[in-house]
Amino acid sequence: MDVFTLQNPYLRMRVTSLSAAVLSLDNRDDNQPVLRPWRENGHFHAGDSALFPMLPLANRVAGNCYVQGHSVIHLPGKAGSPDGFLHGNGWLKRWEVSDCQPDALTLQVSAREACGFDYHARLTYALAAQRVSAKLVITHCGSTPMLYGAGFHPFFAKTPQTRLHFSASGYWPEDERHLPLDWTPVLPDALDFSTPRIPGAQWINNGFSGWSGTARLLSAGREVMMQSDALWLMVYQTQESDFLCLEPQTHPVNAHNMPGQPGLRLLANGERVTCEMTIDVR
């Protein structure tokens with residue numbers, strides 16, 4: 001597995017060309033992890049990493065299919081399974097390195113699926129002082145227009161005392177298939193992070209709308225701030241996890257089957273969609 005180390009006086013990050021995934025992000029002052037580190041083993045999977053990109057869509061699509069114009073698009077994977085094309089296919093590919101600097105790395109990949117996805121993607125990770133930036137650009141290469149979306153899936157390290165803070169106008173409860181139910185503006189206390197609070201040992205797997213574009217994790221002596229231009233935020237943790245995922249997405253979960261397909265972009269040949277995220281460590 002190819003591993004590239006980016007570093008400056010403040011941060012150190014390891015990235016692999018497999019999945020364009022981040023393996024670790026550490027604060028060099030105290031060697032404390034900002035993102036959960038990948039526990040090295042012989043069976044790498046991006047889902048065990050510290051961060052991976054989501055493309056050409058984010059999260060799940062109900063029934064693994066959707067209507068585009070007058071056609072039904074059947075996504076790759078098991079028919080009828082919401083996990084069939086989970087997070088797309090970019091996180092399952094080997095990417096090529098197009099530029100490598102001590103504090104920045106650009107990777108690229110091309111992918112094509114029978115359903116109509118045909119794209120070239122570029123992803124740049126860069127360090128600048130106490131900030132990490134990630135910029136993903138996806139260009140549609142096919143002759144037939146196709147719906148695209150994107151996102152990032154970081155696993156932030158947390159302790160039992162870590163507090164989460166972000167604002168939102170509402171959220172989607174999930175069903176037993178981990179698909180969204182009807183959106184509601186009423187946030188239950190356990191999911192209201194408009195003031196900093198400990199998320200606790202609870203299952204969270206919900207999408208939020210109307211967030212400010214900024215989410216903060218507050219621990220003793222440190223603040224980690226994630227910002228993104230993406231309009232939707234997915235929050236995920238398990239009851240036992242030592243991580244908290246704050247996933248900026250260009251569209252809500254299952255947007256493909258929502259009225260108006262919010263956030264998704266119908267790209268013609270040569271058109272692009274972008275998604276950006278920064279992580280600041282203070």
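# Exercises on a predicted model

At 23% relative accessibility, arginine 216 counts as partly exposed, a value that belongs, like the others here, to a predicted model.

## Exercise 1: Arginine 216 and its partner

Determine which residue meets the side chain of arginine 216 in a salt bridge, and state whether that partner is buried or exposed.

Solution. Begin with the pair itself: the side chain of arginine 216 meets that of glutamate 223 in a salt bridge, with 2.9 Å from N to O. Next, take the accessibility of the partner: glutamate 223 has a relative accessibility of 17% and therefore counts as buried, because the limit for a buried residue is under 20% relative accessible area. Arginine 216, at 23%, counts as partly exposed.

## Exercise 2: Arginine 177 and aspartate 175

Describe the salt bridge between arginine 177 and aspartate 175, and find how each residue is classed by accessibility.

Solution. The first step is the distance, which is 2.9 Å from N to O where the two side chains meet. The second step is arginine 177, whose relative accessibility of 45% makes it partly exposed. The third step is aspartate 175, which is buried, its relative accessible area being 12%.

## Exercise 3: A link between two loops

Explain which parts of the chain are tied together by the salt bridge of arginine 39 and aspartate 242.

Solution. The closest N and O atoms of arginine 39 and aspartate 242 are 3.1 Å apart, and the two residues form a salt bridge. Arginine 39 sits in the loop between strand E4 (32-35) and strand E5 (51-54), whereas aspartate 242 sits in the loop between strand E19 (232-237) and strand E20 (243-249), so the pair ties together parts that are 203 residues apart in sequence. As for the surface, arginine 39 is exposed, with a relative accessible area of 55%, while aspartate 242 is partly exposed at 36%. In total, the count of salt bridges comes to 6.

## Exercise 4: Two loop residues

Locate asparagine 41 and glycine 77, and say how exposed each of them is.

Solution. Asparagine 41 is found in the loop between E4 and E5, and with a relative accessible area of 40% asparagine 41 is partly exposed. Its C-alpha atom is separated by 34 Å from that of cysteine 115, a residue 74 places away along the chain. Glycine 77 lies in the loop between strand E7 (71-74) and strand E8 (96-101), and glycine 77 is exposed, with a relative accessible area of 55%. Leaving aside residues up to four places away in sequence, glycine 77 touches Asn64 and Gly84. Between the C-alpha atoms of glycine 77 and leucine 35, which are 42 residues apart along the chain, the separation is 30 Å.

## Exercise 5: The chain as a whole

Work out what the radius of gyration says about the protein chain, and describe its strands, extent, contacts and surface.

Solution. Start with the elements: the protein chain has 0 helices and 22 strands. For 282 residues, a compact globule would have a radius of gyration near 19 Å, and the protein chain has 18 Å, which agrees. The C-alpha trace spans about 55 × 45 × 35 Å along its principal axes. Turning to the interior, buried residues make up 54% of the 282 residues. Of the contacts between residues at least 6 apart in sequence, 61% join residues at least 24 apart. The accessible surface comes to about 12,100 Å², and 50% of that belongs to carbon and sulfur atoms. Finally, the mean positions of the 22 positive and 26 negative charges are 3 Å apart.

How values were computed: Residues are numbered from 1 along each chain as its sequence is written. This is a predicted model: local features need pLDDT of at least 70, side-chain atom pairs count only at pLDDT 80 or more; totals for chains, interfaces and linings use all residues. Side-chain values use heavy atoms; hydrogens and water are left out. Helices (H or I, at least four residues) and strands (E, at least two) are DSSP runs, numbered from the N terminus. Buried means under 20% relative accessible area, exposed over 50%, partly exposed in between (1.4 Å probe, protein chains only). Contact means heavy atoms within 4.5 Å. The radius of gyration is taken over C-alpha atoms; the globule rule is 2.2 Å times the number of residues to the power 0.38. Accessible areas come from the Shrake-Rupley method with a 1.4 Å probe; for residues, only the protein chains shown count as cover. Lys and Arg count as positive and Asp and Glu as negative; His and the chain ends are not counted. The place of a charge is taken as NZ of Lys, CZ of Arg, CG of Asp or CD of Glu. A salt bridge is a side-chain nitrogen of Lys or Arg within 4 Å of a carboxyl oxygen of Asp or Glu.
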